[in-house]
Structures are given as structure tokens and as C-alpha cells.
Amino acid sequence: MQGSSGFFIQFMRLAGPYWHSEDKAAIRKATLALIVLTIVQIAIAVIITEWSAALFDALEQHSMSGLLKQVGLLLLIFAASMTATALHLNVKRYLQIGWRDWLTKRVTGRWMIKGRHYQVTHIQTAEHDNPDGRIAEDVRIATENAIGLLHSLFYNLLLLISFTKILWTLSGVVKLDLGFIEIPIYGHLVWIALIYAAGASVLGWWIGQPLIKATDIKQTTEANFRYGLVKARENSQAIALIHGEASEKKHFSTLFQDIVGAYNRQTHAWTYILIFTSGYSVLSMAFPVLVSAPRYIWGTITLGALMQSVQAFRHMASALSWPVDNMAGVAQWRASADRVLSLVQALDDLEDEIVRPDPHRIVLEKTDQPVLRFENLCISRLDGIVCAANVNDEIKAGERVLIAGNAFTGSKLFKAIAGLWPWGTGRIQLPDDEYLFFMPPRPYLPTGTLREAICYPSACEDFSPSMLEDTLELAGLKELVEQLDQVDNWEKALPREQQQRLGVVRLLLQRPKWIFMEMAFDSLSSEDEVEMMKLISQKLPDAALLTISHEPKAEMFHQRRIVL
């Protein structure tokens, strides 16, 4: 974990520009309103202490008119407090959700662009596991807790300034008689409160340090457990087919035992804080009364002044105790902010690695010619081992080429063409302004209506209903026409064979000029795969086609081969 100063600088560089964003006028007005409302709350707290002093003085004097006057003032204070509190809550939550929305879009924008969400999984720099949890949960905690903690800190600073002045005035002058000399002590209650709260804060902060690390570990284990459950849900059919439930339960148990260990570690750290804070809260209830009581007994202050001193002492001690009271919140915020910064750092490292001039990187270039050209192309693994070397070839528009040899190397070639695999050397020249359509073994079908899933990433309005229905029938999926407007998780609802046929439907709707098929029909029978290849050849006769397939009959639909 990095140092506090560097951490705060990095966090503000990432999240601070929210106040300079497009909606900066509204954001700054809301921030100013929050500051003003906080000042109003402090003013109300000061007025309440003065009201309390006047009330107890009226009680001490047995004054009914004084009591009734204070009841009337209480109604005004009551109304003002409720109004300020309600407005403050709404303004604070407006800033919290606004900041979270802005930062979520910023981090998601860095992650979900140009395949960075895929590429970042291959680098081993900053921690970036469970990016979904970091974006969904840690961004929330980092923004909401930051505003909550900053507001409470500002509130307590104002509280400290306001009640230090009040307590100083109420303290008067106390003379310390040493026998041979009397030493006047001004504002003795202030000094006692400072020593009392500062000592407690230092001790509490020291006791609470282990909680920060324990909270970070717990949040990481919780994210790992959630990820394990999500992964099992996404692959439930495969798990069921091979009867892997026992292994999954064992894996879940291991992940949850990590949570238990982290939970117990956090509980152990929290126990010391609670022991300290519970004792501190009991002492804080009685200590200010005991400190101020002698002056009341000696008759130097009224009952109202005593109660006002007690309240001022408590407010001042409370303000000085902010580090202790917010230990858990600071720990949780720090851990979440660290996780967000780690993901962003990993994306930064990835970007630096890709844009940095490096002879061991594949160069992608656009050309004004309708060709796909490989010049001295070498594809490597992350560890530097070469998968394919000295690939020199040119594929013209409309040409059909079968990628033979090692299918895994062929997959990396497709990723290199898509800009997802920069590791290697050489040059790839791409046809400029022409749509490259990739068909993986399983097409991505987002949750929603079947119509939206098929048309993805285009809008449904781009294709007429009759075109969509006719294409489904061509691909042998006529039975799905009635489900086009049904909402479901189609990756789970449909068998893999139907999903691969839907890939053909999407291809025929998009009608690209360059098609890259990677084991796109490996779930179909040999006859069905040949049928799909024939359909593509008939409907898209002018499209260039690069295919990775284990089907022997696929070669008849291609003009030549490239062996990797």
C-alpha cells in the first residue's frame, strides 16, 4: 500500500476533475450549498447550547415566564434544524450519486474500449482482479465515503472553532495556588479538552491501524467469492454436464474460508477499537461534568453556565475525536479507493505498454487498398515464446482463405488483426474504413429481447422485422421467430448449436466485406457446418473470408490455405 500523501494525490487526480466536468456549475453550486448548510448546522448547535444555558438558568430561578420563552424558542430551533437537516441530506446525496456516476463512467470508459478489458487480463503489473466489483462496489464506497468523511471533517473543524471560543469564555480564569505563588490559567477547560481528546485520538488511531489492512483483505476476499459464484452461474450447463458440482462446492468453501479468515482478522482488529471507544464514550459522558462541577459548587458559575460548559466541552472533544470515530469509515474508504486506483493503474500500464515504441510489438496500419497484408509477422506468447514466425501474405477483397495448422496460433492471429494481441513483431496492414466481422466459437448474446441480442451491436431499427424473420428461417431457426420479443438470458436459454446459428443470422444481417470465423460451427454436425458455410458463400459471395475450422469439408469453400 502506497504512502498517504501519494495516495491522496493519485485519488484526487483521478476523481477531482468531477468539479471541473461539464456540469461543473451545478456541482459547484451544490458544493457551496453543502458548505452553507453545514455552517447553518453549526450555528444551530451553538444556539442550542445558549438555549440550554438560558433554560437551566430559568429552572434555577424558578421562572415560569423564562421557561415559556425557551419553549417558544425551542419550536423555532426545531423547525430550523429539521429544514437544514433535510436540505443537507438531499444536497449531500446529490453530490455522492453524481460523483459516483461520473467516476463510474470514467473508469468504465477506460476499461471498456479498444479491447482493453480483454488485454488488461494479460498483464501482471498493478492488481486488477474482479474489475466488475471494483467498478460496481469500490467506486461507490470511494465516492460516497469520501464526501461523507470530508463533510464530517469540515463539520468537526467548524465545531472545534466555534466551541473552543465558547469554552474559552466560559472557563474564565482559574488560579493555581502553589503556596508561594498563584499562577492564573486562562481557558483551562479548553486545555483539558485538548489534552483529553488528543491523547484519546492518538491512542485510538494507533489501536485502529490494523483495521485498515484487515478491511482491505476482507473486501478482496468478498470480491473473489462473488466472482466465483458469478463464474459458476455463467457456466452452469458445463458444470452440470460433467457433474462438477462437488468441485465447485469445494472451491466455494475455500473462497468462503478466506472470507472467514479475513472476517475474523477484521473482528480482532475491531475488538480493540470497540473496547477503547466504548470506554471512551462512557468517560466522555461524565468527565466534562466532573471537570466543571467544582466551579458550580463554589458558586462561581450558574447551573446554566455549567450545562453550557458541559455541552461545549463535549462538542469540542467530539470534534477532536474525529480520527477515532471515523477509523472504520476511513479504513473502508482507503481500501476501496486503493482498489479503484489499482485498476486504473493497470489500465495506464497497459496503455503505456501498447503505445510505447517497441520492436517487440505488432504494428497495425490502415491502407487505402482493399487488402489484408502480413509483413514479416511474428506472433509471440506473453513469455516471449514464438508461436508463428515470418508470416508474409496478402489476402485480397473477396478472397477465401483457410487458416490451417495450430488453431491456438490462428486464434492469436485473429486477435492481432483485431488489435487485441500486440505481442510479437512485424506489420499488419488493414483495409481502411471497412468493417471486420469476427465470429468466435460462441457469439455474445446480451441479456434482453432476442431481437436485441441478434442485432447487437446495431440497433433493432436498422433491420426490418421481415428481414430478421427471413434470415432466422434461412439459418434453420424458424422456431425462434415467436420468441423475438421475449426477454431472457439467451446464453443460458439457448443450446450452443442454436447460438452458433444465431451468429450466422447476425453475420447475414450485418453483411460485412471481411469475415473472420474461428471455430464458429464446432458444435454443429459436419453436415450442418457445411450447410452454414454454403449459406454464407451464397448470401455473401463478395466478402473476404478467413476461417479456422477442424471440419475437413470446409476446405471446399476456400481458395487456398495459410498454414501456421
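Reader: In this predicted model, what distance separates the end C-alpha atoms of helix 17?
Author: Helix 17 covers residues 526-539, which makes 14 residues, and at 1.5 Å a residue they should span 20 Å. The distance in the predicted model agrees with that expectation, because the end C-alpha atoms of helix 17 are 20 Å apart.

Reader: Which residues of helix 17 are buried, and what covers them?
Author: An α-helix has 3.6 residues a turn, so residues three or four places apart point the same way. In helix 17, the buried residues are E529, V530, M532, M533, L535 and I536. What covers these buried residues includes helix 14 (465-474), helix 16, strand 11 and strand 12.

Reader: In what order do the five strands of the open sheet stand?
Author: Strands of a sheet pair through backbone hydrogen bonds, either parallel or antiparallel. In this open sheet of five strands the pairing is parallel. Strand 8 (436-439) and strand 13 (560-563) stand at the edges with a single partner strand each, so one side of each has no neighbour in the sheet. The twist averages 20 degrees from one strand to the next, and the order of the strands is 8-11-12-6-13.

Reader: Which residue is the bridge partner of A404 in strand 13?
Author: Strand 6, made of residues 400-404, pairs with strand 13 in the parallel sense, and four bridges join the two. Within strand 13, the bridge partner of A404 is V563.

Reader: At about what angle does helix 16 run to strand 8?
Author: Two helices can be placed against these strands. Helix 12 (residues 407-417) lies across strand 6, strand 8, strand 11 (514-518) and strand 12 (544-548), and its direction is at about 140 degrees to strand 12. Helix 16 (residues 496-510) lies across strand 8 and strand 11, and its angle to strand 8 is about 170 degrees.

Reader: Which residue stands opposite E375 in strand 7?
Author: Strand 7 (residues 424-431) runs parallel to strand 3 (residues 363-367), to which five bridges join it, and there the bridge partner of T367 is P431. Strand 7 also pairs with strand 4 (residues 371-380), this time in the antiparallel sense and over five bridges. In this antiparallel pairing, the residue of strand 7 opposite E375 is R427.

Reader: Which residues have the most contacts inside the largest nonpolar core?
Author: In soluble globular proteins, nonpolar side chains tend to be buried together. The largest nonpolar core here has 60 residues, and its largest share, ten residues, comes from helix 11 (residues 327-355). Apart from it lies another core, of 20 residues, among them F163, L167, A197 and M316. In the largest core, the residues with the most contacts are F11, L372, F374, I417 and I428.

Reader: Which residues does L372 touch, not counting residues up to four places away in sequence?
Author: L372 is one of the residues with the most contacts inside the largest nonpolar core. With residues up to four places away in sequence not counted, L372 touches D393, E394, I395, I417, I428, Q429, L430, P431, W514, F516 and L546.

Reader: How many disulfides does a search of the whole structure find?
Author: A disulfide is a covalent bond between the sulfur atoms of two cysteines. The sulfur of C378 has its closest cysteine sulfur in C387, and because 8.3 Å lies between them they are too far apart for a bond. The sulfur of C460 is likewise too far for a bond, because C455, which holds the closest cysteine sulfur, is 4.3 Å away, sulfur to sulfur. In the search of the whole structure, the number of disulfides found is zero.

Reader: Is Q266 buried or exposed?
Author: Q266 is found in helix 8 (residues 245-297). Leaving aside neighbours within four places in sequence, Q266 is in contact with L211, A214, T215 and K218. The relative accessible area of Q266 is 10%, and the cut-off for a buried residue is under 20%, so Q266 counts as buried.

Reader: How far apart in space, C-alpha to C-alpha, are P323 and L153?
Author: P323 is found in helix 10 (residues 322-325) and, at 26% relative accessibility, counts as partly exposed. Leaving aside neighbours within four places in sequence, P323 is in contact with S201 and W205. P323 and L153 are 170 residues apart in sequence, while in space the C-alpha to C-alpha distance is 9.0 Å.

How values were computed: Residues are numbered from 1 along each chain as its sequence is written. This is a predicted model: local features need pLDDT of at least 70, side-chain atom pairs count only at pLDDT 80 or more; totals for chains, interfaces and linings use all residues. Side-chain values use heavy atoms; hydrogens and water are left out. A disulfide is a pair of cysteine sulfur atoms within 2.5 Å. Two strands pair if DSSP finds at least two bridges between them. Axes are lines fitted to C-alpha atoms, for helices over the stretch in contact, and angles run from 0 to 180 degrees between N-to-C directions. Contact means heavy atoms within 4.5 Å. A nonpolar core is a set of buried Ala, Val, Leu, Ile, Met, Phe, Trp, Tyr and Cys residues joined through side-chain atoms within 4.5 Å. Buried means under 20% relative accessible area, exposed over 50%, partly exposed in between (1.4 Å probe, protein chains only). The expected span of a helix is 1.5 Å times one less than its number of residues.
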